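Please open the model in a viewer and keep the selection panel at hand. The stops below are meant to be taken in order.

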Amino acid sequence: MAIAPAPLGDQRPAVIDVDAPGDLELGLDDALTDVRNAGVATLHHRQVGILAIAPSGVHVISDAVRCGRVERRFDSLGRNSGFRLLIDGRDRSKLVRPVSAAAELVRDRLRSQGISRVPVAPHLCVSGATWNNRPTPFQVDDVTVIWPAELSQRLQTSGGLADRIDEITSALA
């Protein structure tokens, strides 16, 4: 999914503060507890972070607890043109690079174990932040920037790997 860059000037959209009631309050630990109860396996790996093995695939998750407004902007200047992650107006795009690299390590590990056709999705889960009043997960490079409750919902979506979760978990453990 994609969102348009934030408007310029004083025309900023309304925001939701995570202190307000609603599903944006859910922390990553709570979200992972919810998905474990729904049959999703989770692993904490020192090299790649959190892995969630779900019927929809392997999800590589990095947690970023940040204060401030989460935005995506297009930057056409410089060598690294493309979408940038801004939190509280500061470029935090460097947070997505390790998640992308970790997802590639997971893909390599699955290939080396002879496991194929398993989607691997990298996620940067930002908790403790402020999102637009209609928050939408977005991509920066190949990483989905998302909040914990939405991640929990995505992990619980159906897919064709339900009968392979144990096999995939063993290969990645």
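Select W131, F138 and W147: ring pairs link these residues into a cluster. The coordinates come from a predicted model, and across it the count of aromatic pairs comes to three.

Move next to F74 and F83, which form an aromatic pair of the edge-to-face kind. Their centres are 5.4 Å apart, and the angle between the planes is 75 degrees. F74 counts as partly exposed because its relative accessibility is 49%, a value under the 50% above which a residue is called exposed. F83, at 32% relative accessibility, also counts as partly exposed. Add R72 to the selection: R72 lies over the face of F83, 3.7 Å from the ring centre.

Now switch to a cartoon view and display the sheet. In what order do its six strands follow one another? The order is β2-β3-β4-β8-β11-β10, in an open sheet with mixed pairing. At the edges stand β2 and β10 (138–140), and each has a single partner strand, so one side of each is left without a neighbour in the sheet. On average, neighbouring strands of this sheet are turned by 30 degrees against each other, direction ignored.

Within the sheet, select β8 (residues 120–127) together with β11 (residues 143–146). These two strands run parallel and are joined by three bridges. To locate one residue pair, pick C125, whose bridge partner in β11 is I146.

Two helices can then be added over the strands. Helix α2 lies across β3, β4, β8 and β11, and runs at about 150 degrees to β8. Helix α4 lies across β2, β3 and β4, with an angle of about 160 degrees to β3.

Stay with α4 (residues 165–172) and colour its residues by accessibility. Which residues of this helix are buried? They are I165, I168, T169, A171 and L172. Viewed down the axis of α4, these buried residues fall within an arc of 160 degrees, so they line one face of the helix. On the other side of α4, D166 and S170 are exposed.

As a last selection, show what covers the buried residues of α4. The cover includes the strands β2 (41–45), β3 (49–54) and β4 (57–65), and α2 (97–112) is also included. The strands β2, β3 and β4 are those that α4 lies across.

Terms used. Residues numbered from 1 in each chain as written. Predicted model: local features only at pLDDT ≥ 70, side-chain atom pairs only at ≥ 80, totals over all residues. Heavy atoms only, no water. Buried < 20%, exposed > 50% of the residue type's maximum accessible area, 1.4 Å probe, protein only. Helix = DSSP H or I, 4+ residues; strand = E, 2+ residues; numbered from the N terminus. Arc of directions from axis to C-beta. Contact = heavy atoms within 4.5 Å. Pairing = 2+ DSSP bridges. Axes fitted to C-alpha atoms, helices over the stretch in contact; angles between N-to-C directions. Phe/Tyr/Trp six-rings, centres within 6.5 Å; stacked < 30°, edge-to-face > 60°. Lys NZ or Arg CZ within 6 Å of the ring centre and 35° of its normal.
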